[in-house]
Amino acid sequence: MSELTMTTDHHDHGPAKGIGRWLFTTNHKDIGTMYLVFSLIMFLIGGLFAFVIRAELFQPGMQLVDPNFFNQMTTMHGLVMVFGAVMPGFVGLANWQIPLMIGAPDMALPRMNNWSFWILPFAFSMLIATFFMDGGAPAFGWTFYAPLSTTYAPPSVTFFIFAVHMMGISSIMGAMNIIVTIFNMRAPGMSLMQMPMFVWTWLITAFLLVAVMPVLAAVVTMMLMDIHFATSFFNAAGGGDPVLFQHVFWFFGHPEVYIMILPAFGVVSEIIPTFARKKLFGYHSMVYATVSIAVLSLVVWAHHMFTVGMPIAGQLFFMFATMLIAVPTGVKVFNWIATMFKGSMTFETPMLFAIGFVVLFTIGGFSGVMLAIAPIDFQYQDTYFVVAHFHYVLVPGAVFGIMAGVYYWLPKWVGRMYDEGLGKMHFWLSFIGLNITFFPMHFVGLAGMPRRIPDYALQFADFNMMASAGAFIFGTSQLIFVYLIIKAARSGETADQVPWESAEGLEWTLPTPLPYHTFTTPPVIEK
């Protein structure tokens, strides 16, 4: 019996009880739920690391932790948030929503789906266990530049490399599953250009994952060889080049940024039409813009390394290519605004997160254009301005995107409504805390405060105190989110068949021609 046919009848064997249900499940909804819960746990752990960072930086001088432990915190905060919180969060949304949106009974490769999830808890347990090993956790930053991560690394770096390999395998399997599902299991009559935007953005993201995760695997394997097998890929004394590490890493690292933001574009493209009660403006241009962002993301990596001694021609190429990527991103922003324009908007929690996404992500985009200007980047490089930029892209971008999706689809998942008042409170506290945290970082960065330091000059004290206060507001407000989800799942009011009355007369997702239900057999759509 093929795996594909097995998916349609995996409910018939009698559901497993207790923990067995979660260990062996091939049900896309269960697996999506596990991804989302795992993502939330990692988000809270990564947040605790950020609390340590901001507590140390609350005032100048060394007060809480020693500098090496501070560097371990910055490293693990980045790794846990990127690979443990954001990516599994979007894979969880994909597992839940893609089969429902395309009328498929399940994901195409359900056993691989189960496996791709269960690798993750082991990978991250190993990563976090490095804190308790000789020499402590890696302290070389989430970008783990050689030779800091090879010649001068603690023994735990080998476990870090193995953990990165495991999460890479998980990502590749998840991406292959999504590609096969979307191409092979759409309802009869549903063409690619009838798919919801969320499905489109995930299809493109999955191709990016398959393209660049092996590059990450290559770079950590080269590190492993340098550490244990006397090669010299990144060791100048043996004829290697540390800058080679940066090229290989960022060839993965820049598309990775878009892997973390494209699914959020999809989520927002589902939410804004619902609450503006209009069809998504410029559907085709949205698809083409997403494809062009993905293609361009593969040729802009060296804008992360303008200061390594690149020839002027290289700087020019990467500068112009990076500015070019702002064009399709701008198309998407204008389309979202055009969708809202003259719509009958209401501001439920998902819409608040979606609008917050559009406004703050655009600010992050503007500072990104500033960083793309090579001669100016020499001033910004390795300052807090860069930290401000990528947090404005990733927190209101990726994190708000996941939260918006959770609020939007939660009534469909659990059959109950969440507490709207608490949801709005969560949004406003997050929005205010985020801006108090990251906006001052632009100023201290422009004034020359370097990043990844446990202490700083006195003139940066006030803005750092603000940033730390904002971080504690933002972090603690996430507990509302946790409480709200548990409350909705256990005791919320029963949700309507169409949870958002604002969407009356519209399909649940636009612009899909399908009614939004779980299908046992794919429906036939009349052409």
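In this predicted model, helices α4 (67-102) and α6 (157-184) each contribute at least two residues to the lining of the largest cavity. The volume of this cavity comes to about 80 Å³. Its wall is made up of Y35, F83, M87, P88, V91, L120, M167, S170, S171 and G174. Sorted by class, these lining residues comprise 7 nonpolar and 3 polar ones, with no charged residue.

Rolling a probe the size of a water molecule over the atoms reveals where empty space remains. The search returned 2 cavities of 30 Å³ or more. The second largest cavity has a volume of about 50 Å³, and the residues around it are M87, F90, V91, S171, W202, T205, L209, I259 and P263. Here, α4, α7 (197-228) and α8 (242-276) each provide at least two lining residues. Charged residues are again absent, the lining of the second largest cavity being split into 7 nonpolar and 2 polar residues. M87, V91 and S171 appear in the lining of both cavities, and helix α4 supplies at least two residues to each of the two linings.

A second point of interest is F117, a residue of helix α5 (residues 110-129). With a relative accessible area of 4%, F117 falls below the 20% cut-off and is therefore buried. Beyond its neighbours within four places in sequence, F117 makes contact with I31, M34, Y35 and F38. One of these partners, Y35, also belongs to the lining of the largest cavity. As for W96, it lies 21 residues from F117 in sequence, and the C-alpha atoms of the two are 13 Å apart in space.

It helps to set these local features against the overall fold. The protein contains 16 helices and 0 strands. Its radius of gyration is 23 Å, close to the 24 Å that the globule rule gives for 527 residues, so the protein is as compact as a globular protein of that length. Along the principal axes, the C-alpha atoms occupy a box of roughly 65 × 55 × 45 Å.

Burial and contacts complete the picture. Of the 527 residues, 56% count as buried. Where contacting residues are at least 6 apart in sequence, 82% of the contacts join residues at least 24 apart. The protein exposes a surface of about 20800 Å², of which carbon and sulfur atoms supply 70%.

Notes: Residues are numbered from 1 along each chain as its sequence is written. This is a predicted model: local features need pLDDT of at least 70, side-chain atom pairs count only at pLDDT 80 or more; totals for chains, interfaces and linings use all residues. Side-chain values use heavy atoms; hydrogens and water are left out. On a 1 Å grid over the protein atoms alone, a cavity is a set of points where a 1.4 Å probe fits but cannot get out, and a pocket is an open set with protein on both sides within 12 Å along at least five of seven lines; lining residues have an atom within 4 Å of a point. Grid points are joined across faces, edges and corners, and a volume is the space filled by probe spheres set on the points. Helices (H or I, at least four residues) and strands (E, at least two) are DSSP runs, numbered from the N terminus. Ala, Val, Leu, Ile, Met, Phe, Trp, Tyr, Cys and Pro count as nonpolar, Asp, Glu, Lys and Arg as charged, and the others, Gly among them, as polar. The radius of gyration is taken over C-alpha atoms; the globule rule is 2.2 Å times the number of residues to the power 0.38. Buried means under 20% relative accessible area, exposed over 50%, partly exposed in between (1.4 Å probe, protein chains only). Contact means heavy atoms within 4.5 Å. Accessible areas come from the Shrake-Rupley method with a 1.4 Å probe; for residues, only the protein chains shown count as cover.
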